[in-house]
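The exercises below are meant to be worked through with the sequence and the model open side by side. Each task is followed by a solution that goes step by step.

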Amino acid sequence: MAKKNVDLTSQEWRDLVFADKNKDFGAYELRRQSDRRHNMAVLFTVVGLIVVFILILAYSKYSDFRAEQEQLALQEQREKMAAAELLQQEEAEPEPEPEPEEQKMEMEIPEIPEEVLATVQVTQIAIVDADKVQNEVMDMEEQKEDNTARGVVNQEGSDDVDKFEAVKEQVIVKEPEPEKPKEEEIFVAVEQPAEFPGGQAALMKWLSNNIRYPEAAQQNDIQGRVVVKFVVEKDGSVGHAEIARGVDKDLDREALRVVNKMPKWQPGKNNGVAVRSYFNLPVTFRLQNQ
């Protein structure tokens, strides 16, 4: 008898095994329904694997979505903090005080009557009636002995002839006063603001490396933000530092010391030309245990 491959799950094999046996026994029913159970098991396994794969994929997408939302929220928070910091700096900048108008003092110069030389009218000789003679005629010798100055009219004044002769010879030349050099304007706002070499991050690092927290302020638990106003010159040097908003005398003094110690900046520019400009720098003092 030739051998052939027998399918153990086939109906033929099942009838061969249970030939001459009670088929109402439970084993025959179990064997008959085994194909269906196997198929259902495979189907459920495949469906379960698909469901697990879908769940894993959905969780991965959800995780990516959450990470993207958190990144957007963090970026938005950073932008709000930067805007608040910028607004605080703008509020800290004091408005430029209007320059007081120069008051011109006009002194009233009293009018002094001009001093004139006293003269006696020189009388010309004319033949008239005796009753019409008005001025007496002096002969030449009387005129030589008389020191009175002669003129075309009678005029009251000073008898000092030498005084008037000296005045005529004097010529007073008043030299114009040299103009005082005008101080260059310091701009509050410029097209290209002054900048610390390396930018804002380099400035913060430099301040953190050079600030020494005053011991008295540490002991008294004093902290806060000091705003220092200074001028960045055209060559980048820093000067005219002063406290625009202070917190404590020790903190204010330390902030001024650090600002005056700063290296040269990149000066502010208008139309590409370096100019003198104001700059407000907030210096924050914060204790580590806070």
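**Exercise 1. Find how many aromatic pairs the structure holds, and follow those that involve tryptophan 265.**

Step 1. The structure, which is a predicted model, holds 6 aromatic pairs. In one of them, phenylalanine 230 and tryptophan 265 meet edge-to-face, with 5.5 Å from centre to centre and 70° between the planes; an angle over 60 degrees is what counts as edge-to-face.

Step 2. Next, place the two residues along the chain: phenylalanine 230 belongs to strand E4 (residues 224–232), while tryptophan 265 lies in the loop between helix H8 (249–260) and strand E6 (269–270), so this pair ties together parts that are 35 residues apart in sequence.

Step 3. Then check the accessibility, for which the cut-off for buried is under 20% relative accessible area. Phenylalanine 230 is buried at 0%, and tryptophan 265 is buried as well, at 4%.

Step 4. Tryptophan 265 also forms an edge-to-face pair with phenylalanine 279, at 4.8 Å centre to centre and with 65° between the planes. Because tryptophan 265 lies in the loop between H8 and E6 and phenylalanine 279 in strand E8 (residues 276–285), the pair ties together parts that are 14 residues apart in sequence. Phenylalanine 279, at 22% relative accessibility, is partly exposed.

Step 5. Finally, put the residues into their wider group: Phe230, Trp265 and Phe279 are among the members of one aromatic cluster, which also includes Phe196 and Trp206.

**Exercise 2. Work out the order of the 4 strands in the open sheet, and describe how they pair.**

Step 1. The order is E3-E8-E4-E5, and the pairing is mixed. At the edges stand strand E3 (186–187) and strand E5 (238–245), each of which pairs on one side only.

Step 2. Begin with E3 and E8, which run parallel and are joined by 2 bridges; here isoleucine 186 stands opposite arginine 276 in E8.

Step 3. Move on to E8 and E4, which pair in the antiparallel sense over 9 bridges. Lysine 229 has asparagine 280 in E8 as its bridge partner, and the charged end of lysine 229 sits over the ring of tyrosine 278, 4.3 Å from the ring centre.

Step 4. E4 is joined to E5 by 5 bridges, and these two strands run antiparallel, with valine 228 having isoleucine 243 in E5 as its bridge partner. The hairpin of E4 and E5 has 5 residues between the strands, and in this hairpin glycine 236 takes a positive phi near 90°.

Step 5. As a last check on E4, note that 8 of its 9 residues are buried, so this strand is largely enclosed by the rest of the structure.

**Exercise 3. Describe the surroundings of asparagine 210, and say whether this residue is buried or exposed.**

Step 1. Asparagine 210 is found in helix H6 (residues 200–210).

Step 2. With a relative accessible area of 15%, asparagine 210 is buried.

Step 3. Leaving aside residues up to four places away in sequence, asparagine 210 touches Glu254, Arg257, Val258 and Lys261. With lysine 261 there is a polar contact between the two side chains, at 3.3 Å.

**Exercise 4. Set these details within the chain, and find what share of its residues is buried.**

Step 1. The secondary structure of the chain comes to 8 helices and 8 strands, and buried residues make up 20% of its 290 residues.

Step 2. Of the contacts in the chain with a separation of 6 or more, 73% are between residues 24 or more positions apart.

Definitions and conventions:
Residues are numbered from 1 along each chain as its sequence is written. This is a predicted model: local features need pLDDT of at least 70, side-chain atom pairs count only at pLDDT 80 or more; totals for chains, interfaces and linings use all residues. Side-chain values use heavy atoms; hydrogens and water are left out. Rings of Phe, Tyr and Trp (its six-membered ring) pair if their centres lie within 6.5 Å; planes under 30 degrees apart count as stacked, over 60 as edge-to-face and the rest as tilted. Buried means under 20% relative accessible area, exposed over 50%, partly exposed in between (1.4 Å probe, protein chains only). A charge sits over a ring if NZ of Lys or CZ of Arg is within 6 Å of the ring centre and within 35 degrees of the ring normal. Contact means heavy atoms within 4.5 Å. A polar contact is a pair of N or O atoms within 3.5 Å; within protein, one must be able to donate a hydrogen and the other to accept it, and residues adjacent in sequence count only if both atoms are side-chain atoms. Two strands pair if DSSP finds at least two bridges between them.
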